[in-house]
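Q: I have a structure open and would like to go through it with you before I set anything up. Can we start with the charged side chains and then move on to other things?

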Amino acid sequence: MSQIQNAQRPCYYQFEWLDCISPEKRMLTEEQYVVAKRIMDLSITILAMPLWLPIVGLCALLIKLESPKDPVLFVQTRTGKGGRRFPIFKFRTMVVDADKLEAELAHLSKLKWPDFKIENDPRVTRVGRFLRRTSLDEFPQLFNVLRGEMSLVGPRPTVFATDEYQLWQTARLEVMPGLTGLWQITARAELEFYERVRLDLIYVQRRCLRLDIEILFRTIPAVLRGQGAY
C-alpha cells in the first residue's frame, strides 16, 4: 500500500468533492466492500438491461449495415485484477486488420508509448467514429461485468501485460478493472498513461461505494461532453 500512499495527485486537477471521501471514513471492511460492489454491479447492469440491450442491438445493426461481411465485435486481450489476462468485448470501430497499420501510423500518436491514440484516425469507420464519440463502443463490456471480469467502476484494463508496468504502477492491479473511473470523468483519452495511473491509485486508495456511485453519476455528463473521445 505504500506505493499508493506515495502517489501524488496531479496538481492541475482539483477534486473538491473527492476531498470529502476519506479512507478513514469507510463503513465497510475491504471484504464487505468487494461483496457489496459486486452486488451493485450486477443489480445496476441487470436492471438496466431493458435500456442497454436495445442500444447494443442497434449499434450492432449499424456496424453490420456499413460492412456486412466484417465482424460486429472486436475482442481484445486485456490485463485485469492481479495481472490476469482476459478477453474484453468492444464494438468494432475500425477497419478489419487495423492493428497491421499501427506501425505506419505510430508517428501520429498524441500519446507516448505504450499508449496509441490518433486524432482523426484513418482506420476508424464512419459508424465507428460515432460510437467512439458517444462511448457506445464500450457497451459490450457490460457482458464482461456480468461475467465477473470487470466492474462498472475501476481502472481501465490495459492492452499490455504486467511486464510492461513499472513497479509503482502495479498497485492499480489490486482492484477489478472498470468501465469508467476517475480519469474518464476528467480528461478521458487526453492524459498520458503515467498520469492516468496516478488517478487510478487515488481511486484505489479511497475506493468505497460512495466514490463508485459518485463516479458513475459524473460519467454521464463526461460522456455527453465527448471531451477527449476519439
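Q: Okay, Arg147 to begin with: what is its relative accessible area, and is it buried, exposed or partly exposed?
A: In this predicted model, Arg147 has a relative accessible area of 48%, and because exposed requires over 50%, it is classed as partly exposed.

Q: And which residue does Arg147 form a salt bridge with?
A: The partner is Glu149, and the closest N and O atoms of the two are 2.8 Å apart. Glu149, for its part, counts as buried, at 9% relative accessibility.

Q: How many salt bridges does the structure hold?
A: There are nine salt bridges in the structure. As general background, side chains of opposite charge can pair when their charged atoms come close.

Q: Which residues are joined into one network by salt bridges that share partners?
A: That network consists of Lys90, Asp137, Glu138 and Arg156.

Q: Take Asp137 and Lys90 then, what's the N to O distance there?
A: Their side chains meet in a salt bridge at 3.7 Å, N to O. The two residues sit in distant parts of the chain, 47 residues apart, with Asp137 in the loop between helix H5 (126-134) and helix H6 (141-146) and Lys90 in strand S2 (residues 85-91).

Q: Are those two buried or exposed?
A: Asp137 counts as buried because its relative accessibility is 4%, and Lys90 also counts as buried, at 14%.

Q: What about Glu138, which side chain does it meet in a salt bridge?
A: Glu138 meets Arg156, with an N to O distance of 3.2 Å. Glu138 lies in the loop between H5 and H6, while Arg156 lies in the loop between strand S3 (151-153) and strand S4 (178-180), so the pair ties together parts that are 18 residues apart in sequence. Arg156 counts as buried, at 9% relative accessibility.

Q: Switching topic: which residues make the nonpolar surface patch?
A: Leu58, Leu61, Leu62 and Leu65 make a nonpolar surface patch of about 380 Å². Leu65 is placed in helix H3, which covers residues 49-66, and Leu65 is exposed, with a relative accessible area of 61%.

Q: Last thing, what is the mean pLDDT of the protein?
A: The mean pLDDT is 84, and 80% of the residues reach 70 or more.

Q: And where does pLDDT stay under 50?
A: It stays under 50 over residues 1-12, a stretch for which the model nevertheless has 21 contacts beyond four places in sequence.

Key:
Residues are numbered from 1 along each chain as its sequence is written. Side-chain values use heavy atoms; hydrogens and water are left out. Patches are made of residues with over 30% relative accessible area and no salt bridge: like charges are joined within 9 Å, nonpolar side chains (Val, Leu, Ile, Met, Phe, Trp, Tyr) within 5 Å. Accessible areas come from the Shrake-Rupley method with a 1.4 Å probe; for residues, only the protein chains shown count as cover. A salt bridge is a side-chain nitrogen of Lys or Arg within 4 Å of a carboxyl oxygen of Asp or Glu. Helices (H or I, at least four residues) and strands (E, at least two) are DSSP runs, numbered from the N terminus. Buried means under 20% relative accessible area, exposed over 50%, partly exposed in between (1.4 Å probe, protein chains only). pLDDT is the predictor's confidence in each residue, from 0 to 100. Contact means heavy atoms within 4.5 Å.
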